[in-house]
Amino acid sequence: MKSAHTPATRKTVGEIRIIGGTHRSRRLPVLLAEGLRPSSDRVRETVFNWLQHLWGNDWADKHVLDAFAGSGARGFEAASRGAGSVILVEKNKAIAAQLTANRDKLAATQCRVLAQDALAALATLGHQKMDLIFLDPPFKQNLLKACLPLVLTSLASDGYVYIESEAALDDACLENLVMVREGKTAQVRFGLYQKAAE
């Protein structure tokens, strides 16, 4: 029998819910790790509503990169809506293994999980043109400035990059990008951008 003073076991697994598409309402387990911030349903729904307005329901030819995949919520949401290919990049090997397990559970064969650093992945994926890149790096590590030049080489000319950050981004950080949509909550700022015309 447990003592009344036995500390509660720390929860190590959470879950995400897929909002739309063929896997709508499916719940997937997520390992809880330091710095992991699964995107809220509200923010994710807003972003995918933007994308539906821009693309309609035609995702079959879309190539998607989730550069800091974490829970995989955005990448699996894109797969559920029919994206032709989805790459989820996650350097934490345990979390990457959970992403692989969730991919297999969904039989989402168009998804590929890369267990590596996002900057290294972006540098090697430059030849692959992506229609949508999700960029939501850990906060307070100044990673956006390092990522964005690499993102621009991987982004298709008419593609979109989603950026989530803890504060408003300065103009220098967003050089060569044009805002298409933006939103904010009490915790985060988020927006959808395209390459500026040359």
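The second largest pocket is a good place to start: 17 residues line it, and N142, L144, S165, E166 and L169 are the ones nearest its centre. Keep in mind that the model you are looking at is predicted.

**The pocket**

This second largest pocket has a volume of about 230 Å³. Two elements, α5 (143-154) and β7, each give two or more residues to its lining. Helix α5 provides the largest share, which is three residues. What kinds of residues make up the lining? Nine are nonpolar, three are polar and five are charged.

**The overall layout**

Now step back to the whole chain. Its secondary structure comes to five helices and nine strands. If you read along the sequence, these elements follow the pattern β-β-α-β-α-β-α-β-α-β-α-β-β-β. The chain has 198 residues, and 45% of them are buried.

**Aromatic rings**

How many aromatic pairs does a search of the whole structure find? The search finds seven. One of these pairs is formed by W55 and Y160, with 5.9 Å from centre to centre and 65° between the planes, in an edge-to-face arrangement. Because W55 belongs to helix α1 (residues 41-55) and Y160 to strand β7 (residues 155-165), the pair ties together parts that lie 105 residues apart in sequence. Both W55 and Y160 are buried.

You can also follow the ring pairs from one residue to another: they link F48, W50, W55, W59, F134, Y160, Y162 and F190 into a cluster. W55 has a charged partner too, as the charged end of K62 sits over the ring of W55, 4.6 Å from the ring's centre. Try finding W55 in the structure, then look for Y160 and K62 around its ring.

**Cysteines and disulfides**

The structure holds zero disulfides. Are C111 and C147 buried or exposed? C111 is buried, at a relative accessible area of 5%. C147 is buried as well, and its relative accessible area is 0%.

**Two residues with positive phi**

Here is a backbone detail to look for. Most residues other than glycine have a negative phi. S25 has a phi near 75°, a positive value in a residue that is not glycine. Where is S25 found? S25 is in the loop between β1 (13-17) and β2 (27-31).

A107 also has a positive phi, about 55°, although this residue is not a glycine. The loop between α3 (93-106) and β5 (111-114) is where you will find A107.

**A helix residue and a distant partner**

A79 sits in helix α2 (residues 73-80). Along the chain, A79 and T109 are 30 residues apart, and 9.1 Å separates their C-alpha atoms.

**Accessibility side by side**

The table sets out how accessible several of the residues named above are. A residue counts as buried under 20% relative accessible area and as exposed over 50%, with partly exposed in between.

| Residue | Relative accessible area | Class |
|---|---|---|
| C147 | 0% | buried |
| C111 | 5% | buried |
| A79 | 7% | buried |
| S25 | 44% | partly exposed |
| A107 | 57% | exposed |

Why is S25 partly exposed? S25 has a relative accessible area of 44%, so it falls between the 20% and 50% cut-offs. A107 counts as exposed because its 57% is over 50%, while A79 counts as buried because its 7% is under 20%.

Key:
Residues numbered from 1 in each chain as written. Predicted model: local features only at pLDDT ≥ 70, side-chain atom pairs only at ≥ 80, totals over all residues. Heavy atoms only, no water. Disulfide = S-S within 2.5 Å. Buried < 20%, exposed > 50% of the residue type's maximum accessible area, 1.4 Å probe, protein only. Phe/Tyr/Trp six-rings, centres within 6.5 Å; stacked < 30°, edge-to-face > 60°. Helix = DSSP H or I, 4+ residues; strand = E, 2+ residues; numbered from the N terminus. Lys NZ or Arg CZ within 6 Å of the ring centre and 35° of its normal. 1 Å grid on protein atoms, 1.4 Å probe; cavity = no way out; pocket = protein on both sides within 12 Å on 5 of 7 lines; lining within 4 Å. Points joined across faces, edges and corners; volume = space filled by probe spheres on them. Nonpolar A, V, L, I, M, F, W, Y, C, P; charged D, E, K, R; others polar.
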